[in-house]
Amino acid sequence: MLEQGTLFEDTASQPLAARIRPRTLEEYCGQKHLLGEGKILHRLIENDQIGSMIFWGPPGVGKTTLARIIAQRTRATFIDFSAVTSGIKEIKQVMEQAEKNRRFGGKTILFVDEIHRFNKAQQDAFLPYVEKGSIILIGATTENPSFEINGALLSRCKVFVLHELSVDELCELLHHALKDPRGFGNQEVEIGDDLIRAIANFANGDARSALSTLEMAVLNGTLDGAKTIVTAETIEQCTAKKSLLYDKKGEEHYNLISALHKSMRNSDPDAAVYWLARMLEAGEDPIYIARRVTRFASEDVGLADPRALELAVAAFQACRLIGMPECSVHLTQAVVYLSLAPKSNALYLAYERAKKDALTMLAEPVPLVIRNAPTKLMKELDYGKGYQYAHDTQDKLTDMQCLPDSLADRVYYSPTEEGLEGKFKNRLQEIKDWKAAHRRTPPKSAE
């Protein structure tokens, strides 16, 4: 639930990643953009001037480790708090203790691991204490704080983005683990640099994953007297299946669907199919992808190729009917077609323009001429009076004004000349020319 006091206890029986957890900034690996000499976070820690902050980054990049280094450097009371096992009751207990510390001139740093797991009510419980300085909050999260942290709380915290470690940084970390007495420094381990790099590549920027793989490889290595030999075969067994970086509800979810959408928009079918495969093979719901592809068909292709929507809807139906893995090829067909189709966002822009007016003019009355008049009273109030039925005319057109007077000259749909939309543009111009020629009285200008 929560821990106070020293955070570096006997680690003899702990996993390798815990045993060699860095204790100082000098031992810390990665995040040079924040912790390099002269960088802002380095200065704050060195000068013990820590304020409320959020560490945001993927798993295994050192968020918790950094908090524990701060715990060693600060003169404040440091409380380690888990969002997994704690509730409102525990939060209030800690806050009361922090408030007592403040009254006696002391500072309390509260570290909340996986802060995104707290709901709104739990996060709100921190807010008054952060505002009046009873606590300095340090939160760690793998999720985008913009989505997972309350706006009021987030506005009072500085967000530091921690990046996944590079292959070279992971190699350095692994070599350190082999030499450090807390790791395998007291053992004779034979492992080639190429195998170290293979582990680093497998870890995908995750230090914890890299160290766990190294530990598994050493424990399963071949004994030759006092020496442990790690072979390529051992590494292959320990890295038999590489997990895809994907979280269907998290940041990467939005990154990948964005990559697919923008690759199709950029008419790059190869990139689009790759991002599609990344999502499907990581377990994404094909229906979700099909919905986004269907949206794209109108938002980015539209009337430049009206068949795009037909194909997208057909792919959506195929996903519903047969599911994975068979529907992957239907989605591929739709994604490639949409990538190669002519592009127009005229429909999207038309709606956005109309939406803006609709939201600011919600009270604008419907013109009497196009109102429905199902009752005698409504007819007596001139509902529908002067309505012109286009099908009764020779040209199937009338000069009737359908927009309110204040919006009479508004243009929402501006077709492009891409693909078939060029024909729609010509048709629209013909309609406008006809109406201008047959207009009995000019419409009132927009206000």
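**Group meeting talk: helices, cores and salt bridges**

Okay, let's start with helix α18, residues 346-360, where E352 and K355 sit three residues apart, about one turn of the helix. Before I go on, please keep in mind that this is a predicted model. The side chains of those two meet in a salt bridge, 3.3 Å from N to O. E352 counts as partly exposed because its relative accessibility is 29%, and K355 is partly exposed too, with 33%.

Now, salt bridges elsewhere. A search of the whole structure turns up 21 of them. One I like is R73 with E46, where the closest N and O atoms are 3.0 Å apart. That pair ties together distant parts of the chain: R73 belongs to helix α4 (residues 63-73), E46 to helix α3 (residues 40-46), and they are 27 residues apart. Again we have partly exposed residues, R73 at 33% relative accessibility and E46 at 35%.

Then there's R182 with D180, closest N and O atoms 3.1 Å apart. Are these two buried or exposed? Both R182 and D180 are buried. They also belong to something bigger than a pair, since shared partners join R23, E27, D180 and R182 into one salt-bridge network.

Let's go inside. The largest nonpolar core has 50 residues, and L41, F55, L66, I191 and L214 are the ones with the most contacts within it. A second core, separate from that one, has 27 residues, including L280, F316, C319 and V335. Take I191: setting aside neighbours within four places in sequence, its contacts are L178, I196, I199, L214, V230 and I235.

Two of those names, I196 and I199, come up again in helix α10, residues 193-203, among its buried residues. The others are L195, A200, F202 and A203. Looking down the axis, the buried residues fall within an arc of 160°, so they line one face of α10. What do they pack against? That would be α9 (167-179), α11 (207-219) and α12 (232-238). On the face turned away from the buried side, you'll find the exposed residues D193 and D194. And just after α10, N204 takes a positive phi of about 60°.

Last stop, the surface. V366, I370, Y387 and Y389 make a nonpolar patch of about 380 Å². Y389 is in the loop between α19 (376-380) and α20 (421-438), and it is partly exposed, at 43% relative accessible area.

That's my tour, thanks!

Conventions
Residues are numbered from 1 along each chain as its sequence is written. This is a predicted model: local features need pLDDT of at least 70, side-chain atom pairs count only at pLDDT 80 or more; totals for chains, interfaces and linings use all residues. Side-chain values use heavy atoms; hydrogens and water are left out. Patches are made of residues with over 30% relative accessible area and no salt bridge: like charges are joined within 9 Å, nonpolar side chains (Val, Leu, Ile, Met, Phe, Trp, Tyr) within 5 Å. Accessible areas come from the Shrake-Rupley method with a 1.4 Å probe; for residues, only the protein chains shown count as cover. A salt bridge is a side-chain nitrogen of Lys or Arg within 4 Å of a carboxyl oxygen of Asp or Glu. Helices (H or I, at least four residues) and strands (E, at least two) are DSSP runs, numbered from the N terminus. Buried means under 20% relative accessible area, exposed over 50%, partly exposed in between (1.4 Å probe, protein chains only). A nonpolar core is a set of buried Ala, Val, Leu, Ile, Met, Phe, Trp, Tyr and Cys residues joined through side-chain atoms within 4.5 Å. Contact means heavy atoms within 4.5 Å. The arc is that of the directions from the helix axis to the C-beta atoms.
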